[in-house]
Amino acid sequence: MKKIIIPILSIFLMASCELTDVLDQDPPNNLVPENVVKNENDAKALLNGVYSTIISFSSAHYYMYSELVPAGLSGSMSYIGFGDGNSAFVTNSVLFDNSELKSFWQIKYKVLDAANNTIALVEELPDEEFSGNTKSEIIGEAHFLRAMSSFDLLRYFGEFYDLDSEYGIIIRTEPVNFVTRNKARSSVAATYEQILSDLDYAIANAPDFSVNHRASKTAAKALKARVLLFMGNYSGAASMANEVIESQVRQLEPDFPTVFNNGLNSSEIILLTHRSPDSDTEDNNRKRFYSGKTGNSWYPEMMEGDPRQEFTYEGLKILKVNNEETFRPTYFLRLAQMYLIKAEALAFENAALEDIQEPLNAIRLRAGLAPSEATTIEAVKEEIFQEYVKELAFENGTEWFAAIRFNKIMELKPEVTNKNQFILPIPEDEIFGNSELNLSDQNPGY
């Protein structure tokens with residue numbers, strides 16, 4: 001397997017959206033199954049290449065920046081890396097020529113493009129080349145990864161909070177080449193429609209849950225619950241989160257530290273990154289470095305006295321992401337989040353307090369806290385927000401986006417003065433390198 005992944009992946013990265021110079025390149029190789037992907041093993045290697053793009057040690061902007069960028073934006077971290085480029089995220093003053101911004105944008109489109117190549121090439125292979133449901137499962141898994149990267153792009157670069165906004169992302173559902181490179185932005189509604197379409201495909205076709213470092217039907221349902229919540233479809237979000245909970249495919253660990261200590265054997269984690277000596281390249285199986293430092297403003301104040309604090313950070317060191325046995329994973333989805341999504345969705349639907357408190361208390365009691373004593377909807381919303389922070393900080397931007405949804409971020413961080421700062425600017429190279437875009441397509445305020 002190791003020998004197959006590297007050459008296939010290198011071919012596709014040559015044809016992927018590098019953003020700055022694609023238009024100047026000669027037409028890419030004719031990417032057809034006859035000369036790239038010929039059988040089931042090749043198809044599996046191609047899918048593995050999507051995961052390799054996510055965990056690439058030489059480009060940390062997907063896995064590690066999924067923690068660092070939102071933590072810097074929210075203030076749960078006071079330092080997220082090296083140089084002035086990173087400090088702009090901490091001060092919420094990112095400009096469109098920021099080099100880290102460019103890399104953050106690019107890596108998501110590289111993952112998306114790798115998923116598109118997988119879908120396109122595997123679909124062309126004859127069914128008889130595959131055993132059982134393997135072909136549809138590979139394609140379903142790729143649809144999940146395309147949905148995940150598209151949703152990440154929308155969360156950071158599109159007005160995800162406004163379904164009527166024209167500022168969605170550049171939707172890409174086919175491999176990028178010199179013909180398909182130039183493309184306009186789509187609306188937020190159209191972006192969500194594409195994401196949900198991919199997730200529904202994954203729910204129907206991806207493999208059942210087997211390991212927590214690969215996409216699955218369960219992961220697709222969990223991500224769909226999160227997407228519906230961001231859309232303001234509260235009944236749908238509560239229902240989908242509840243479906244994941246009641247399926248019993250994943251179960252809460254008995255206590256908070258066990259979630260992370262058990263790593264790949266955790267009964268709770270739905271999706272995380274994974275490296276091992278069997279990874280596709282030597283770089284990718286190295287333990288990643290970690291440069292974030294705990295915030296020194298509102299975050300430690302909120303965590304003070306909570307039983308989870310000692311397992312989350314120590315001084316300036318983030319603990320939960322420094323599990324060396326599992327190669328310092330990035331946590332994308334876990335079951336605790338489904339309980340809080342259900343509670344949040346019910347709260348914003350003004351459901352009965354006891355119905356809201358039931359999933360909320362599952363997390364509070366597991367953490368060693370008393371049950372919710374809220375007597376109003378506003379009070380229980382405050383408890384839910386604090387549980388997002390205390391339970392899920394440094395996990396895929398949870399605290400940043402919760403602070404936006406609960407209208408807390410301007411209160412917590414004075415540097416955020418208007419909603420334009422809820423998202424980042426489209427990078428300079430995309431604005432000037434894509435003939436279907438111009439400065440009028442830039443996000444408001446940049």
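Here is a quick look at a predicted model, from the whole chain down to one helix and one aspartate.

**The chain overall**

The protein chain carries 18 helices and six strands. Some whole-chain values are in the table.

| Property of the protein chain | Value |
|---|---|
| Residues counted as buried | 61% of 446 residues |
| Contacts joining residues at least 24 apart, among those between residues at least 6 apart in sequence | 71% |
| Accessible surface | about 17,100 Å² |
| Part of that surface belonging to carbon and sulfur atoms | 47% |

**Helix H14**

Now for H14, which covers residues 353-367. Its 15 residues reach 21 Å from first C-alpha to last, close to the 21 Å expected at 1.5 Å a residue. Even so, H14 has a kink of about 35 degrees, centred on Leu 360. Leu 360 also turns up among the buried residues of H14, next to Pro 359 and Asn 361 in that list. The others there are Ile 356, Gln 357, Ile 363, Arg 364, Arg 366 and Ala 367, so the list takes in two arginines.

What sits over these buried residues? The cover includes helices H10 (256-261), H13 (335-348) and H15 (377-392), along with strand S6 (331-334). Right after H14 comes Gly 368, with a positive phi near 95 degrees.

**Asp 113**

Elsewhere, Asp 113 is found in helix H5 (residues 99-124). Is this aspartate buried or exposed? Asp 113 counts as buried because its relative accessibility is 2%, and the cut-off for buried is under 20%. In space, Asp 113 lies 8.0 Å from Arg 146, C-alpha to C-alpha, with the two 33 residues apart in sequence.

Notes
Residues are numbered from 1 along each chain as its sequence is written. This is a predicted model: local features need pLDDT of at least 70, side-chain atom pairs count only at pLDDT 80 or more; totals for chains, interfaces and linings use all residues. Side-chain values use heavy atoms; hydrogens and water are left out. Helices (H or I, at least four residues) and strands (E, at least two) are DSSP runs, numbered from the N terminus. The expected span of a helix is 1.5 Å times one less than its number of residues. The bend at a residue is the angle between axes fitted to the seven residues ending there and the seven starting there. Buried means under 20% relative accessible area, exposed over 50%, partly exposed in between (1.4 Å probe, protein chains only). Contact means heavy atoms within 4.5 Å. Accessible areas come from the Shrake-Rupley method with a 1.4 Å probe; for residues, only the protein chains shown count as cover.
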